[in-house]
Every structure is written in structure tokens, then in C-alpha cells.
Amino acid sequence: MTKARDRFEFFHEAKAPAGAEGWQRMYPYFLVSQPEGRAAEDSRFWFADSMHWSRAVHPFDSIGAEAVYYGCGVNSTRGIALPSALGLDVRVVNGYVYICPLPVTDPAEVEKRLALFQERAGFYYKNWDDLYARWQEKMRVAVKRMKALKFEPLPEFEPLEVVTEGKGRSTSWDLVENYHRLINDFFLVWQYHFEMLGLGYGAYLVFFGFCKQAFPEIEDQTIARMVAGVEGIAFRPDDELRRLAKLAVELGLADAFDAKDNPEEIFAALGRRSDGERWIAAFEATRDPWFDYFAEYGFLHDQQTWNGNLEIPLQGIARYVSLLQAGKDIDRPVARLQAEQDEIAAEYRALLTPEEAQRFDEALGLSRAVFPFIEEHNIYVEHWSHAVFWEKVRDLARVFVDAGYFQEAGDLYYLNRFELDQALFDLIESWGIGVPGRGVQHWRAEIADRRRIMAALRAAAPAPAYGIPPTEVTDPFAIMNYGVTTERVADWLDQTAGGDNGQIKGIPVSPGVVEGKVRVIRHEDELSQLQTGEILVAQITAPSWASAFSVVSGVVTDIGGMMSHAAIICREYGMPAVVSTGFATTRLKTGMRVRIDGRKGTVVPL
């Protein structure tokens, strides 16, 4: 056994993958480790955000890391003023995104922030329903505003009305202005994203802390089962697949669905049936907005929505059709889960004194009141707004290609957002003057080199963490969303040092023990390979994978907390799950047999 270490590698000790030398120049300087900041970075703990960026990020895609952690930081640190945690600092290392929870350790500062937090959080908790309704409207307005932006090809000459109406302003400036508006709204929706999220997690952690103190032996997943919701728009896209599957069986169209067929073949088969057009009409009516839904988390330009790749929802529908034909019930057990929630809560409440029971009721009631936002905000931000954002970026890329500036639309993503702003001005200025853009040759060579670098970065797996583990993890986002707890970091370090004896440890989030063959899924395109009874192993599961959960027997992820998607869905399906293992996708291979224990949090190769 290798001797355990007391830290992970430092950033400056991380070697670039072969062929990826010089990767740092692709990203904004503030996302990359700098020599003058080495001492501070080395003293802190950084973990991979593979939940949102499962692959190395192209330069333009790094805008997500900027927007997310600005929004998180400005709300946590300066807005609601979380007492014991500031924001999450961010770096890109070998193309992967790493974040660092920043604790508040000075008791006086904690006390100062606590007074601010109580006033501000109290206002939100008191007016939660009204503020959430206003939040939803703000998001709808922002998405509508982004949708209205246009990126039109540059004309040979300005439209006549530019002259006859005395506008005195070139239409080419619309490209620059709309690019800035698109970027601004992207950053804005990420501030909205975190407006209420920390408060939602905070309410749960208060209830969690009460339960741990009152019932020392209670399991984390039992507490979660009392709180987590089972209804709302977070579940709507998958519910739509179930509805369409039922309609297909009801209309006698089941034999037109085959998960191996492409959409053209399926729609052609439906078109030949008497009720096929009725089903197709129902399918089309569902697409807006429920199929503006990413198959992953929507942070990378090459991730697809269901509308962008209809094979994804059609495979889910075909899977549900097959289950219906086999006599299975495909409805989500909402009533049973709600009854279980209340039954568990009642059992524990009965053990308390009247005063304790009142505190229990208040903490549980608040947690349940705020929890819909925790589950639903992703639909508005990561799915609906990101779908529009990437669509508009694709429109802009076509403008560059039409003007002969880029050779292909994909070239755009090899520039970060600041470089693209420069290239955009170069494009309109050279067009206005009547000369070739200087960036055509400049970027052609640089993009070719960056293609090589990106290929090397994406071929390498990310390290789970860097730096010195903290004495205690206090950040609510790290704990709830990512599953990065004090205990989990210690396990990661132990396993990194070779002290695992072949066993992989994680957070137990759904009870049960199961043995089966592993299926490692690294991309949503691989979901169709899942076989009945296999154990799904992934860096993280996405909400759009819900139909796949109907065939697997267990789930293991590299990252994720008690309220991650995998945890919530597995508890709903009653299947064993272990999350936040750190290493499952690199240590397990498709075809291996393992035993997972969803109560102990272990994964043992057999």
C-alpha cells in the first residue's frame, strides 16, 4: 500500500498532456494560475467541477466558468452574505475547470456576516413565493430578450434606408452591439441563478443540522427523503416522454418505435399509419419548451439539446414504449414518495419534545417550501437560457464563415470571449474599409494549433483535486451540489495515495445492495448502449438521462451531493446509488462486475 499523503498536487506540479503544451494562452489570464499567485493557490483546496464541465473546455466555452462563479460569488459574498462561506474561486487547469470554496474563519467576521444574513435571508424566506414568482418572470424576460437578438450576414452595401432615413449608423454595428447584449444577458441569468439558491441550500442545511443533533444515528439520505420534492417542472421533460410513449401504445403505434432507428425512419414509419400524424402533432407541440433541454448540462458548445438531436428523446420514448409493452408501470411513484416523506417525518417527530417538535416542523416546512427552486431553477438557466445562448453563438459563427473570416463555424470556439470581441471588430472594420480582415491569417494558424491542443486536453482525464485539503468544508454549494465534504476529501486523498485496497468510496445517497456489470458512460450519445440490469457509471448524470434509469440496477458517479440529480432520481426509483467517488470513471471499465452498497457508500470490484 502506498503511504498516504497530506495533500494533492499543486497547480504548478501538474504536467500538460503530451501535445497540449502552451494551453494556458487560450484562456483569459484570470482563469489560469499565475506565478505571482502561486503561494495563495498552493495553500488552498481546488476540486474539479466535472458536474458542469465533463470535458476540457474550448476557449469560448470558458465563459461559463466566468459567469457561474461571478454569479455565485457576488450573491454569496456580497448579497445574502453567507456567514461562514464566501464565493467559489475558479481556475482552468489542463483545460478542466477547478473551483475552491472560500471559508470565513474569523469568528468576528462570521458574527458580522451572520447579522447581515439573518436580515436578508429572513426577508427572502418570509416572501419566498412572491420572490420566486418574480424570479420566474425575470428569467422569462431575459430568455425572450436573448431570442430576439439577430446576427445577420454582412451585406455588400448598406440598406438604402440607412441613407434615406438619415440613420448615420452602419447596420454592421448591430453585430457588435448584439454580441455584447448576448454576453451581458448570459452573465445576468447566472446572477439570477444564484439569487435564491444559497438560501435554498441554507434552509436544508439548517434542517439537516437539527436532525443530526436530535437523532445522531440518522442517515443523511433519510433526512434528504423528508425534504426532496417529487413534483414540478424539473421532472416535466421526462414526464412528457412518458406521456408520448403512452399515447403511442394507445394509438397502436408501438411497433413504429425502435431505439436503434434514427428519427427519419421513425417518423416515416409513423407517417404510414392512420394515427401517426396525430402522434407527430402531439410530439411537435411538446418540443417548445420541453425539448429545449440539454442531454448534459449545457455548458459546452458541442452538447446537444433534445431539439438539436431528436434521437435522444425518441430513444427515451422507445424505451418507455418497450416497458409498457412488457406490462410495466412507467409512472413516477409520486403519491408513494410523498407518503413516505410524511411517514418518515412523523416517525422522527414523535421522538421529540413539544418544543423540539415545533423547531422540527419549522425547519422542515421551510426546507420543503424552498426546495422547488433548487430543482427547477436549472430548467430556466442551464436549459432554456443556454439553449438560446448557444443557438445565437452558432448564428454569429455563420456570419464569420459567410464573410470568409473563419473556414468553418467550429473555428469560433477556439477564441475566448475577449478574443472574439476583437475578431468581431476586425471583421466589421475590414468590411467597412473594403479590405481583408487581418485576423483571417492570424487566427487560421492559431486555431490550427489550438485544435491540436484541445484534442490532447480532451484525451486526458482530470485530476479530482489540487492543493491542501481544508480542515472543514463549510460551503453549502460544495456540500449539497458537488458532494465535497470533509470526509469525502479525506477519502479522495487516501485513494489518490493508493490506500483504497481496490474499494472505491463515495457518498451513500440511495440505499440497497446490488451486483452487476458496469457500463461507463462519458457522453450522452452512449446512453443507447445501456443494457437492462447494468450499473451506470458516469462523472455525473444529467436530468435528461431519466429514462435510462428505468433499465439500470444502480448508479455510481465521480461527483455529486445528497441533492444532486443522481441522488434524487435514484431515491425515486428505489435503486442503490453512490456519488462523489472521485475516481469511478477512471478506475472502472465497461464489463467489470462490481457490488455497490447504497447505505455504506462503497463500490467493490468483484
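Let's start with a single residue, E446, which is buried, with a relative accessible area of 18%. To count as buried, a residue must stay under 20%. Keep in mind as you look around that this model is predicted.

Which residue does E446 pair with? Its partner is R25, and the two form a salt bridge whose closest N and O atoms are 2.7 Å apart. Now find the two residues along the chain: R25 sits in the segment before α1 (38-42), while E446 belongs to helix α16 (residues 439-459), so their pairing ties together parts that are 421 residues apart in sequence. Unlike its buried partner, R25 is partly exposed, at 36% relative accessible area. The pair also has company: R25 and E446 are linked with E419, D449, R450 and R452 in a network of salt bridges.

How many salt bridges does the structure hold? The count is 41, and two others are worth a visit.

One of them joins R145 to D185, and here the closest N and O atoms are 2.7 Å apart. This time both ends lie in helices: R145 is in α4 (residues 128-147) and D185 is in α6 (residues 173-195), so the bridge ties together parts that are 40 residues apart in sequence. Are these two residues buried or partly exposed? D185 is buried, with a relative accessible area of just 6%, whereas R145 counts as partly exposed at 37%.

The other bridge takes us to strands. R593 forms a salt bridge with E515, with 3.9 Å between the closest N and O atoms. That value still falls within the 4 Å limit for a salt bridge. R593 lies in strand β11 (residues 593-597) and E515 in strand β7, so this pair ties together parts that are 78 residues apart in sequence. Both ends are partly exposed here: R593 has a relative accessible area of 38%, and E515 has 37%.

From strand β7 we can step to a loop. Between β7 (513-521) and β8 (535-538) you will find D525 in the connecting loop. What does D525 gather with on the surface? Together with D258, E264, E265 and E311, D525 makes up a patch of negative charge. A residue needs over 30% relative accessible area and no salt bridge to be part of such a patch. D525 has 44% relative accessibility, so it counts as partly exposed.

To look back over the tour, you have followed salt bridges that tie together separate parts of the chain, and you have ended at a patch of negative charge on the surface.

How values were computed:
Residues are numbered from 1 along each chain as its sequence is written. This is a predicted model: local features need pLDDT of at least 70, side-chain atom pairs count only at pLDDT 80 or more; totals for chains, interfaces and linings use all residues. Side-chain values use heavy atoms; hydrogens and water are left out. Patches are made of residues with over 30% relative accessible area and no salt bridge: like charges are joined within 9 Å, nonpolar side chains (Val, Leu, Ile, Met, Phe, Trp, Tyr) within 5 Å. Accessible areas come from the Shrake-Rupley method with a 1.4 Å probe; for residues, only the protein chains shown count as cover. A salt bridge is a side-chain nitrogen of Lys or Arg within 4 Å of a carboxyl oxygen of Asp or Glu. Lys and Arg count as positive and Asp and Glu as negative; His and the chain ends are not counted. The place of a charge is taken as NZ of Lys, CZ of Arg, CG of Asp or CD of Glu. Helices (H or I, at least four residues) and strands (E, at least two) are DSSP runs, numbered from the N terminus. Buried means under 20% relative accessible area, exposed over 50%, partly exposed in between (1.4 Å probe, protein chains only).
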